[in-house]
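Subject: Structure for you to look at

Hello,

Here is the structure I promised to pass on. Please open it next to this email and follow along; my notes come after it.

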Amino acid sequence: MLFHPEVMDLAAMADKIRKVPDWPKEGILFHDITPVLQSPEYFRLLVDLLVYRYMGQEIDVVAGLDARGFIIGAALAYQLNVGFVPIRKKGKLPFDTVSQNYALEYGEMSLIQLCRCRRYAVCRSRTVTGD
């Protein structure tokens with residue numbers, strides 16, 4: 001059974017995202033999506049919304065950033081019938097990798113992936129929380 005925004009309240013899903021102040025350091029508001037993942041209805045709604053967003057676009061793979069991006073990204077890739085590429089912190093994956101540095105709210109990070117793809121959708125925590 002599919003659940004859609006017309007049936008479920010998106011504001012209620014947003015309310016399920018737990019806000020944790022000063023994590024991982026002071027001044028950062030961490031958005032914990034665990035309550036959304038624990039609810040079969042809201043987890044399905046979240047994945048369905050992302051599927052509708054990317055459906056029909058020419059995507060080779062979904063790239064999921066470490067941790068939360070793995071969970072949502074793998075489900076999204078499965079529904080879009082494309083591959084999934086885990087993106088990890090530097091030094092966490094063996095073999096030949098591609099590296100990219102980027103800035104965070106609380107520092108800089110270097111991420112790596114195992115393949116070069118021309119068209120991909122990136123799934124990370126901000127995709128889910130909007131922050």
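Strands β3 and β4 pair in the parallel sense over five bridges (two strands pair if DSSP finds at least two bridges between them). Helices (H or I, at least four residues) and strands (E, at least two) are DSSP runs, numbered from the N terminus. In this pairing, leucine 65 stands opposite isoleucine 87 of β4.

The model is predicted: local features need pLDDT of at least 70 and side-chain atom pairs count only at pLDDT 80 or more, while totals for chains, interfaces and linings use all residues. Residues are numbered from 1 along each chain as its sequence is written, and side-chain values use heavy atoms, with hydrogens and water left out.

Back to β3, which covers residues 61–65. Five of its five residues are buried, so the strand is largely enclosed by the rest of the structure. Here buried means under 20% relative accessible area, exposed over 50%, and partly exposed in between (1.4 Å probe, protein chains only). Val61, Ala63 and Leu65 point one way from β3, and Val62 and Gly64 point the other way.

Strand β4 (residues 83–89) also holds phenylalanine 84, one half of an aromatic pair with phenylalanine 70 in helix α4 (residues 68–80). A search of the whole structure finds one such pair. Phenylalanine 70 and phenylalanine 84 meet edge-to-face, 6.3 Å centre to centre and with 90° between the planes. The rule is that rings of Phe, Tyr and Trp (its six-membered ring) pair if their centres lie within 6.5 Å; planes under 30 degrees apart count as stacked, over 60 as edge-to-face and the rest as tilted. The two residues are 14 apart in sequence. Both are partly exposed: phenylalanine 70 has a relative accessible area of 24%, and phenylalanine 84 has 29%.

What holds arginine 18 and aspartate 32 together? They form a salt bridge, with the closest N and O atoms 2.4 Å apart. A salt bridge is a side-chain nitrogen of Lys or Arg within 4 Å of a carboxyl oxygen of Asp or Glu, and the count comes to one. Arginine 18 lies in strand β1 and aspartate 32 in strand β2, so the pair ties together parts that are 14 residues apart in sequence. Arginine 18 is partly exposed at 41%, whereas aspartate 32 counts as buried at 12%.

Histidine 31 is also in strand β2 (residues 29–32). At 11% relative accessibility, histidine 31 is buried. Its side chain reaches the backbone oxygen of leucine 29 at 3.3 Å.

For the protein as a whole, the secondary structure comes to five helices and seven strands. Of its 131 residues, 35% count as buried.

How far can the model be trusted? The average pLDDT is 78, and 63% of the residues score at least 70; pLDDT is the predictor's confidence in each residue, from 0 to 100. Confidence is highest in strand β1 (residues 18–21), at a mean of 94, and lowest in helix α5 (residues 125–129), at 50. Over residues 127–131 pLDDT stays under 50. Where pLDDT is low, the predicted coordinates should not be read in detail.

Regards

How values were computed:
A polar contact is a pair of N or O atoms within 3.5 Å; within protein, one must be able to donate a hydrogen and the other to accept it, and residues adjacent in sequence count only if both atoms are side-chain atoms. Contact means heavy atoms within 4.5 Å.
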